[in-house]
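Got your viewer open? Here is a short tour, one selection at a time.

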Amino acid sequence: MRALATAFFVLFVVAVTWPGYVPFNRIAPSVLGLPLSFAWPAIWVVLGCVVLFFLDRSETRAEDREEDG
Amino acid sequence: MEQWQVIVAVFAVYLAVTLGIGLAAGRRASNSVTGYVAGDREFGLLVMYFVTGASVFSAFAFLGGPGWAYSRGAAGFYILSYGVLGMAPWYFMGPKTARLGRRFGYVTQAQLLVGRFPSRFLSVLVAALTVLAFIPYVTLQMRGAGIVIEAVTDGHISLAAGAALAYGIVIIYVLSAGVAAVGWTNTFQGIFMLAIAWTLGIYLPFKLYGGVGPMFEQIAEARPELLRAPGLTAAGDPWSWGGYSSAILVSAVGLQMWPHLFMKAFTAKDDRTLRRTVVLFPTFQLFLIPVFLIGFAGVLFPDTPPEPDFILPFLILRTDLPALVVGLFCAGALSASMSTGDALLHASASVAVEDGIRPFATGLNDHQQRLLMRGLVVVVGAIAYVFAITRAESLVVLLLTAYGIIAQLAPPIVAALYWRRATTAGAIAGLLAGSATALFFYFNASLRPFDVHEGVLGLLVHVPVLVLVSLLTPAQSDVHSGVFVSGQAQATKPDAGGSATHA
């Protein structure tokens, strides 16, 4: 899970900088009213939230199991 | 009563409430240095969350963010991108740092570094770099406070007088109560800021353009260059990808190195609280979306503010909102500045005394240290104030400059926690080489390859120097480096935090 999360964040870096950002750096289509160039980094931030949430849930559960057992 | 007078009255009530919360918190904190610096290590999740969020989001986000979206368009999206990237590594490093802090009683990051790399010179070097990085950061907050006050009082109170007033209050509660005050006032201010950003970010596009979608359609028609990364420079020319990408990198690397954030690892109640703060942090990041919407709402507005950073107060004063509401909105922006400014002043004084002075003056008692810290709060505040009223830099540029310096603390911290072979000589050589490189390119901006940020260029020199010098000098003992890298028990050093079970 830690390795997966790390891989995700490496991908995140590539996606929001040059050159990973370039293909998505367009005004159309709009996402919820935002131009794609604005929505793109916002989508990665939301994904970042989700990944961190699941990472923490899996680690917390693993800890609880250790304490119980 | 005129509109600006009503707004000033709202401000006065707001500032009084903030001061009251700060002073009330101070009475409950213990009177020791640990109490002043680390808040007695007992912050729960709610307070930790808002302390972190409110101290990251400041006048920089609240005024600088809209200022950049307004004047430089998509260039501002870098701010949206780096926060989560900067915070994520903390999920792993934070608990590790916290365990070492509890065990050896560390309250600053230089103490952690010197624990691994014993050297008083290193301690002073870190303290000096930290205070140097804090000055543009505090300057930014003061300018922010001054901008809000000047704008809402319609120039009746100038930027200089407004900054002095707001920071007078900040200094009073930082002096009297330390980090406990910072925690409780930030909780209050954090909640306030979040509510206001979303309300305003949705309201303004609807009010001025009939919605978020229609607003961007009109901007795409009139100023399409604003909507494509990397946006524009301050002069209105296209910005470079090198500049945009390296702004994200340097900010992501530097984010957790800010002592006021790093030291949160030493104030958290337990590891779970600390990790949860990291998980919840991106929700604060999303608050930049309405912040940019506010800035974009100004793009096609017929009037122009005196400086781009004035755009937020400028716009809401020109809507027909009631004075009470405008007053509350502006108090939110002011609180963004103050809630970060207090943490910055507190952290810079703590670092200067703990790491810069105490290693050489071991005879200082608790009382003298607290006095020294209070003196330094005033000194740092005064220096920043001079810059705030004399240098009209954009708020975002001030923070980017600070990041170039603070990011240099990342390689030695990572090496201390993860690399057994790192040595004291390596850490010092890397820090000196990296900082010198960053400073050189700061003053010779035209020589920067691909317009890459000076902080990233500094890191490109820093890391190889750290690695090479470490490999060329004798390794530390396995027992010593093992304590930091893998957290094993060490027989010779007394256990300061009573948490040997974590080993």
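A residue counts as exposed here if 12 or fewer other C-beta atoms lie within 10 Å of its own, and as buried if there are 20 or more. Keep in mind that you're looking at a predicted model.

**Stop one: a helix in chain A.** Select residues 2–16 of chain A, which form helix H1. At 1.5 Å a residue, its 15 residues should span 21 Å, and the end C-alpha atoms are indeed 21 Å apart, so the two agree. Now pick out Ala5(A), Phe12(A) and Val16(A), the buried residues to look at in H1(A). They share one side of H1(A), because they cover an arc of only 10 degrees around the axis. Turn to the other side of H1(A) and you'll meet exposed residues: Ala3(A), Leu4(A), Ala7(A), Val10(A) and Val14(A).

What covers the buried residues of H1(A)? Show helix H2 (36–68) of chain A, plus helices H5 (77–87) and H12 (241–255) of chain B: the cover includes these.

**Stop two: where the chains meet.** Next, highlight the contact between the chains: 30 residues of chain B against 25 of chain A. On the chain B side, H15 (271–285) supplies the largest share, with eight residues. By class, this side has 20 nonpolar, six polar and four charged residues.

**Stop three: the core.** Finally, select Phe62(B), Ala145(B) and Leu399(B), which touch the most other members of the largest nonpolar core, a set of 180 residues. Helix H8 (residues 120–152) of chain B gives the most to this core, 19 residues. Zoom in on Phe62(B) to find its contacts, among them Phe57(B), Met193(B) and Leu312(B).

Technical notes. Residues are numbered from 1 along each chain as its sequence is written. Chains are lettered from A and ligands numbered from 1 in the order in which they are written. This is a predicted model: local features need pLDDT of at least 70, side-chain atom pairs count only at pLDDT 80 or more; totals for chains, interfaces and linings use all residues. Helices (H or I, at least four residues) and strands (E, at least two) are DSSP runs, numbered from the N terminus. The expected span of a helix is 1.5 Å times one less than its number of residues. The arc is that of the directions from the helix axis to the C-beta atoms. Two residues are in contact if their C-beta atoms, placed from the backbone, lie within 7 Å. A nonpolar core is a set of buried Ala, Val, Leu, Ile, Met, Phe, Trp, Tyr and Cys residues joined through C-beta atoms within 7 Å. Ala, Val, Leu, Ile, Met, Phe, Trp, Tyr, Cys and Pro count as nonpolar, Asp, Glu, Lys and Arg as charged, and the others, Gly among them, as polar. Lists of a residue's contacts leave out its neighbours within four places in sequence.
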